[in-house]
Each structure stands twice: as structure tokens, then as C-alpha cells.
Number of protein chains: 2
Amino acid sequence: MDSKIFNLKAKLEVYKAMTNGGNFADCPVRDVIQGISGKWSSLLVMALAEKPYRFGELRRLVPDISQRMLTQTLYDLQRDGYVHREVFPTKPPSVEYSLTDLGRSMFAPLQMLVQWAELNHDAVRAARAAFDAAQA
Amino acid sequence: MDSKIFNLKAKLEVYKAMTNGGNFADCPVRDVIQGISGKWSSLLVMALAEKPYRFGELRRLVPDISQRMLTQTLYDLQRDGYVHREVFPTKPPSVEYSLTDLGRSMFAPLQMLVQWAELNHDAVRAARAAFDAAQA
DNA sequence: CGGGATCCATAGTGATACTG
DNA sequence: CAGTATCACTATGGATCCCG
């Protein structure tokens, strides 16, 4: 099979998916990706991929997230079905967050992206520096 | 090999990469991912993956992007080394945008994410609807 | 044609203080 | 412990007008 034709076909498929065949206003792919493209969403999913955590544990695990953003991001992840929230009626109460099957299914594609980022961040930073130098 | 141990190791690796081993303030992975997580960045990369386009062509191709965001997103993508910008001194001038090798390298991981989103958007929307119904 | 400049609305993010 | 509430600030995105 001609790999060039195959590649172009794949590219068109992906672009078509991202544009919902012209219906930009209501594109499912963009809708889903929007939901996980927040500053903390992917990070928390990756943390919970290891094992379930309680609220305070997550706070200590990710020291630079504010309480507000942790609450809000977990809420959004729960709403979209990625995270399960279980309240244990102890005193004081404890709440455990874990990934659902849907949340776990996100791991593989996210891992690809992270590995790509890890592999290319030097090139990106070099390009950025060269670009800024050329502008000055 | 025990796949469970392997999976946990992979998860820890990815999380470690996303947290820069504790140095959250300057994490390369998050820096790179931030750069492509804009509303239009990935869409334009996927469009240019097919073939180079001129400014006006891109505008018509993605009708719901504003002129400002098209200009700015292309500028950012160029700055990070994903997009090459070539000016043809015709009259009136024409400007062609194309992917660099770095930009092309983004296609595969992005494709994974898009396919995952396509496969799971029904589940996400169902979860969202159920969650909202439960809240009401 | 391919932008730049300006103004404005909204969403995202954070600091702080308070609560069941 | 696990949040809520409030406020302030910044980033993102869009509309409009202008220009070489």
C-alpha cells in the first residue's frame, strides 16, 4: 500500500473529525478535548491513574494547585465521567477520588502526548529562543 | 513480564514527566503542552498537516475563527517552531504557512487523542447529562 | 491580501477568609 | 477534612476599523 496515500487519508480523517464535517459550532471531538485541556485536568488524571487519592493528598501531591482549582477541576472531571467521588461518612469526613473506566481509557493517548512533549521540548524552546532573538 | 507492574511503572513515569520531578514551576512537558492546548492550535496543525495553506485559505477553511485569533495562533505556532511562514512578494502579497518537521511530528500523538475523543464523546456526553440530572 | 490596533466580553486562575 | 464564598487579576477570544 502506498504510504503517502495512506497518510493523506489519515490526515483528512483526523481533520474531518476535528471539524465535524463542517459543523464547527457543535464538534464532539473539540468538545471532549476542551474538557480535558484545562491547566490541571490532565495532571490530575495522570496522578489518579497511579492510585486513588483523597482531597488533601492530592493537594500535597500537587503543591502549586490552589484549593479552588483542585475542587473545580475534580468537579469537572467527575461531571464528564472521568473521576469517581466517594464520600466516607467518618468524622471528620474523608473523600476519595478515583478514575472511572472512562478516565483510565484516557491514559494511553495522554501518555503519547506527554512522551512527544518530553522528546521535543528542547526543540520547542530552541525555536522560541531563536524566534525571539530574530525579532529583536 | 507482569503487566501490572509494567503499567504502574509507566504511570509513574508519565506523572513524573508531567511534574518535572517536583519542580512544578518550570516543567517542560507542561510548557510544551500549554503551547498547543489553545482553542485553535491543534486544529490549524491538523489542517496544515494535509498541505500548506495561505492566510485567506485558512480563513475560509475554518470559518468560525476570527482574523485576530488566526493571526495570533499562527504567530504562536511559528514561534514554537511548528509552522513555517513564507512571504511571496507578489502584489498583493501572499503568505504561505506550512508545517515544519517538528510540526509534523505532532501529528501522531494528536491523532491518538482525536481518535480517543471520537470514540468516547458519547460516554462523556451521557455522563454529563446524568450528572446534571442528578444535581437538579 | 494579509494583517495591525483597539476595545470589549468572558473564562480561567489565584489569594484569602470562612464553614459543616 | 474537605470544601464554599468572595474578590481581584490575567488570559483568552471576538468585533470592528484601519492600513500598506
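Visitor: Which residue forms a salt bridge with A:Arg128?
Guide: In this predicted model, the closest N and O atoms of the pair are 3.2 Å apart, and a salt bridge calls for a side-chain nitrogen of Lys or Arg within 4 Å of a carboxyl oxygen of Asp or Glu. A:Arg128 lies in helix H7 (residues 107-135) of chain A and its partner in helix H2 (residues 28-36) of chain B, so the pair joins two chains. The residue that completes this salt bridge is B:Asp31.

Visitor: Does A:Arg128 count as buried or exposed?
Guide: The relative accessibility of A:Arg128 is 15%, and buried means under 20% relative accessible area. Its partner B:Asp31, at 21%, counts as partly exposed, whereas A:Arg128 counts as buried.

Visitor: What is the N to O distance in the salt bridge between A:Asp101 and A:Arg104?
Guide: Both residues lie in helix H6 (residues 101-105) of chain A, three residues apart, which is about one turn of the helix. A:Asp101 is exposed, with a relative accessible area of 60%, while A:Arg104 counts as partly exposed at 45%. Their side chains meet at an N to O distance of 3.0 Å.

Visitor: Which residue of chain B forms a salt bridge with B:Asp101?
Guide: B:Asp101 is exposed at 60% relative accessible area, and its partner lies three residues apart from it in helix H6 (residues 101-104) of chain B. The closest N and O atoms are 3.0 Å apart, and the partner is B:Arg104.

Visitor: How many salt bridges are found over all chains?
Guide: The search covers the whole structure, where A:Asp31, A:Asp80, B:Arg125 and B:Arg128 are also linked in a network of salt bridges. The total over all chains is 12.

Notes. Residues numbered from 1 in each chain as written. Chains lettered and ligands numbered in written order. Predicted model: local features only at pLDDT ≥ 70, side-chain atom pairs only at ≥ 80, totals over all residues. Heavy atoms only, no water. Helix = DSSP H or I, 4+ residues; strand = E, 2+ residues; numbered from the N terminus. Buried < 20%, exposed > 50% of the residue type's maximum accessible area, 1.4 Å probe, protein only.
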